[in-house]
Amino acid sequence: MNIPLRVAMASVVAVSAGLLVGGTSACSGQADPSRVTVVLAPSQDDFIGNPPAKGVSTYLEARCGSLDCHGQLGRPLRIFSSNGLRLPADGGPNPITGGSPTSTEEKIANFQAAVGLQPEEITRVVAGGGQYLPDRLYLVTKPRNQVQHKGGAVVNAQDDGDQCMVSWLIGATDGDACQRAATRK
Amino acid sequence: MTPRVLFALVVATGITAFSCTTDPQQEGYINALGPEQPGVDPGEYHRAGQPCVVCHQSGGPGKGEFAFAGTIFYGQKKPIGVDGAEVVLVDSVNRPFRARTNCVGNFFIPMPAEETGRPQFPARVTVFFADNETNEKLEVAMSSPIGRDGSCASCHKIPAGLDSPGHVYLASGQKETARKYNGAPCRVPPVPAGFAVDGVQ
């Protein structure tokens, strides 16, 4: 049976339009501003560090925050740092990569990025009191390369960098490990 | 038209609508580099200051695959390519990779064919420049490691700003003003298009 060309072309157009409309409508949705996610986070003060050299942020800045790694705006874990990506200044001249030291605002933004990576999971770890191990978090598994990580294995389990992150997540931050990990050549 | 032909046409339309035959992100990076500088043919002197490995990678349009490549300029305010600077990169298992810049400041380190010979990131880099005219020796070590990108200019974009320290340079401040470096004789201008220099170009 031959189908007339006019009918055939109309069928192709109809199918294409259906695919386009169906695909578009499947992606649409409306945000519910009343929904919030309550997040329990490890210590922000320990993350920033006192002194900052012993902070988790300093370790992340040194080992993860280069401009070709997590020092990029599009990264899920986006790190600001003195030698990497800078946070625009609020009402002042913007910092330049390689210029001023990492600001407190930048470290707070790094804290928010770390906690915001897996907010529900990190809440379970913090609230779990040891029931949920931090080893399930990307903050631990990605640098170990236990989960696909474009940067490969950045730490080995229980080395200084790993210990810095894990100790912070369980609420017993090892600042010395963070400092050693940040200054390792 | 037979039903079989119509069916094939409909399936082909659907596949085409949802398939990707190129990497649009990579294509975007390459297109953003713009055309060649007039008068500079593709080769070791071209595209100074641009991220080389964007094209010179496996499957890329550039001739040859590079492990590391870039351009070394003389000054922060005077971005003239430095001729004869030695670039030494050391990877995370302490293997050195060396190259020397040409008269436009470009250098490149070919990607080793053997997988085991390829650099492991992060890497550290130091640039050495012995000025035969003044007997001055400059040694500049990058203060942070290279994460995973072999192109200097992927991070060292112009101008300096929130996400770039600016172009790679050897001298700044007093060292730069004290030494009137004008670049080596070169078949192409040692200051690339798009780089503004006081009193040069």
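Here are some notes on this predicted model, covering chain B and its pocket before turning to a helix and a loop in chain A.

1. **Chain B in outline.** Start with the overall layout: chain B has three helices and eight strands. Read along the sequence, two helices come before the run of eight strands, and one more helix follows it. Of the 201 residues in chain B, 39% are buried. Among contacts in chain B between residues at least 6 apart in sequence, 60% join residues at least 24 apart. As for the outside, chain B has an accessible surface of about 11,300 Å², and carbon and sulfur atoms account for 55% of that.

2. **The second largest pocket.** This one holds about 930 Å³ of space. There are 43 residues in its lining, and those nearest the centre are B:His156, B:Pro165, B:Gly166, B:His167 and B:Val168. Four strands of chain B each give at least two residues to the lining: strand 3 (86-90), strand 6 (124-131), strand 7 (136-141) and strand 8 (169-171). By residue type, the lining of the second largest pocket has 26 nonpolar, 14 polar and three charged members.

3. **B:Asp131, a buried acid.** Strand 6 of chain B also contains B:Asp131. Is B:Asp131 buried or exposed? With a relative accessible area of 7%, B:Asp131 falls under the 20% cut-off, so B:Asp131 counts as buried. Setting aside neighbours within four places in sequence, B:Asp131 is in contact with B:Glu136 and B:Arg179. If you have the viewer open, those are the two side partners to pull up alongside B:Asp131.

4. **The loop between helix 2 and strand 1 of chain B.** Two residues here are worth a look. B:His56 sits in this loop, between helix 2 (24-32) and strand 1 (66-71), and is buried, with a relative accessible area of 12%. The B:His56 side chain comes to 3.0 Å from the backbone oxygen of B:Gly64. Beyond its neighbours within four places in sequence, B:His56 is in contact with B:His46, B:Gly62, B:Lys63, B:Gly64, B:Glu65 and B:Phe66. B:Gly39 belongs to the loop between helix 2 and strand 1 too, but B:Gly39 is exposed, with a relative accessible area of 75%. B:Gly39 and B:Pro189 are 150 residues apart in sequence, yet their C-alpha atoms are 9.6 Å apart in space.

5. **Two cis prolines in chain B.** Most peptide bonds are trans. Against that background, have a look at the bond from B:Phe121 to B:Pro122, which is cis with omega near 5°. B:Pro122 lies in the loop between strand 5 (106-110) and strand 6 of chain B. The bond from B:Ile158 to B:Pro159 is cis as well, with omega near -5°. You'll find B:Pro159 in the loop between strand 7 and strand 8 of chain B.

6. **Helix 7 of chain A.** Why is helix 7 of chain A (residues 160-169) largely enclosed by the rest of the structure? Eight of its 10 residues are buried, and that is the reason. They are A:Gly161, A:Asp162, A:Cys164, A:Met165, A:Val166, A:Ser167, A:Trp168 and A:Leu169. What do these buried residues pack against? Their partners in chain A are helix 2 (44-48), helix 3 (56-64), helix 4 (104-117), helix 5 (119-128), helix 6 (138-141) and helix 8 (175-183).

7. **The two ends of helix 7.** At the N-terminal end of helix 7 of chain A, A:Asp159 acts as the cap, with a side-chain oxygen 3.2 Å from the backbone nitrogen of A:Gly161. After helix 7 of chain A comes A:Gly171, with a positive phi near 85°.

8. **Positive phi in the loop before helix 7.** Most residues other than glycine have a negative phi. In the loop between helix 6 and helix 7 of chain A, A:Asn145 has a positive phi, near 60°. A:Asn145 is partly exposed, at a relative accessible area of 36%. A:Gln158 is placed in the loop between helix 6 and helix 7 of chain A as well, and its phi is positive at about 75° although A:Gln158 is not a glycine. A:Gln158 is exposed, with a relative accessible area of 69%.

Notes. Residues are numbered from 1 along each chain as its sequence is written. Chains are lettered from A and ligands numbered from 1 in the order in which they are written. This is a predicted model: local features need pLDDT of at least 70, side-chain atom pairs count only at pLDDT 80 or more; totals for chains, interfaces and linings use all residues. Side-chain values use heavy atoms; hydrogens and water are left out. On a 1 Å grid over the protein atoms alone, a cavity is a set of points where a 1.4 Å probe fits but cannot get out, and a pocket is an open set with protein on both sides within 12 Å along at least five of seven lines; lining residues have an atom within 4 Å of a point. Grid points are joined across faces, edges and corners, and a volume is the space filled by probe spheres set on the points. Ala, Val, Leu, Ile, Met, Phe, Trp, Tyr, Cys and Pro count as nonpolar, Asp, Glu, Lys and Arg as charged, and the others, Gly among them, as polar. Buried means under 20% relative accessible area, exposed over 50%, partly exposed in between (1.4 Å probe, protein chains only). Contact means heavy atoms within 4.5 Å. Accessible areas come from the Shrake-Rupley method with a 1.4 Å probe; for residues, only the protein chains shown count as cover. A polar contact is a pair of N or O atoms within 3.5 Å; within protein, one must be able to donate a hydrogen and the other to accept it, and residues adjacent in sequence count only if both atoms are side-chain atoms.
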